[in-house]
Amino acid sequence: MTRNYIKKRAEAWIRELIELAREMEYKGRYDLERRYVSLALEISRHYKVKIQNKRYICKNCKIILIPGRNAEVRIKKGRVNLKCLRCGNIKRFVI
Ligand SMILES: [Zn+2]
């Protein structure tokens, strides 16, 4: 097993966990959602692989941010403010 292979596996694993977490968000199973997101973040740290669309994860309460559902989007001067409606945490990024 090469290092590259392990990284690829870790990436796929993270993708799966994020997908599951999103599903749990829609199902209202926030306990499981948090567990999946925490696990994805842990794997990302451990194997040093990136999480795609990490900006849509609230690191504070470990949920998937879905605009119109649990997040609010505001655009100010070319910057996006993404607010988590569950904990009030605001993330800012450039489009
Ligand atoms: Zn939050």
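Of the 95 residues in this chain, 17% are buried. Keep in mind that the model is predicted. The C-alpha trace spans about 45 × 30 × 15 Å along its principal axes. The chain holds two helices and five strands, and reading along the sequence gives α-α-β-β-β-β-β. As for contacts between residues at least 6 apart in sequence, 43% of them join residues at least 24 apart.

**The helical end**

Let's start with helix H1, which covers residues 3–27. How far apart are its end C-alpha atoms, and what span should 25 residues give? The ends are 36 Å apart, and at 1.5 Å a residue the expected span is 36 Å too, so the two agree. Right after H1 comes Gly28, with a positive phi near 80 degrees.

Which residues of H1 are buried? They are Ile14, Leu17, Ile18, Ala21, Met24 and Glu25. What these residues pack against is helix H2 (30–47), along with strand S2 (63–64).

That brings us to the largest nonpolar core, a set of 14 residues in which Ala21, Val37 and Ile64 touch the most other members. At least two residues of this core come from each of H1, H2, strand S1 (57–58) and S2. H1 gives the largest share, with five residues. Ala21 is a good place to zoom in: leaving aside neighbours within four places in sequence, its contacts are Glu33, Tyr36, Val37 and Ile64.

**The three-stranded sheet**

Further along the chain, S3, S4 and S5 form an open sheet in that order, with antiparallel pairing. Why do S3 and S5 each have one side without a neighbour in the sheet? They stand at the edges and each has a single partner strand, so one side of each is left free of a sheet neighbour. From one strand to the next, the twist averages 20 degrees.

S3 (residues 71–76) and S4 (residues 79–84) run antiparallel and are joined by six bridges. S4 then pairs with S5 (residues 90–94), again in the antiparallel sense, over five bridges.

Some residue pairs help to fix the register. Val80 in S4 stands opposite Ile75, and its bridge partner in S5 is Phe93. Val80 therefore links up on both sides, with Ile75 and with Phe93. Elsewhere, Lys83 has Ile90 of S5 as its bridge partner.Each of the two hairpins has a residue with positive phi, as the table shows.

| Hairpin | Residues between the strands | Residue with positive phi | Phi |
|---|---|---|---|
| S3 and S4 | two residues | Lys77 | near 50 degrees |
| S4 and S5 | five residues | Gly88 | near 85 degrees |

As a general point to keep in mind when looking at the sheet, side chains in a regular strand alternate between the two faces.

Conventions. Residues are numbered from 1 along each chain as its sequence is written. This is a predicted model: local features need pLDDT of at least 70, side-chain atom pairs count only at pLDDT 80 or more; totals for chains, interfaces and linings use all residues. Two strands pair if DSSP finds at least two bridges between them. Helices (H or I, at least four residues) and strands (E, at least two) are DSSP runs, numbered from the N terminus. Axes are lines fitted to C-alpha atoms, for helices over the stretch in contact, and angles run from 0 to 180 degrees between N-to-C directions. The expected span of a helix is 1.5 Å times one less than its number of residues. A residue is buried if 20 or more other C-beta atoms lie within 10 Å of its own, exposed if 12 or fewer, and partly exposed in between; C-beta atoms are placed from the backbone. Two residues are in contact if their C-beta atoms, placed from the backbone, lie within 7 Å. A nonpolar core is a set of buried Ala, Val, Leu, Ile, Met, Phe, Trp, Tyr and Cys residues joined through C-beta atoms within 7 Å.
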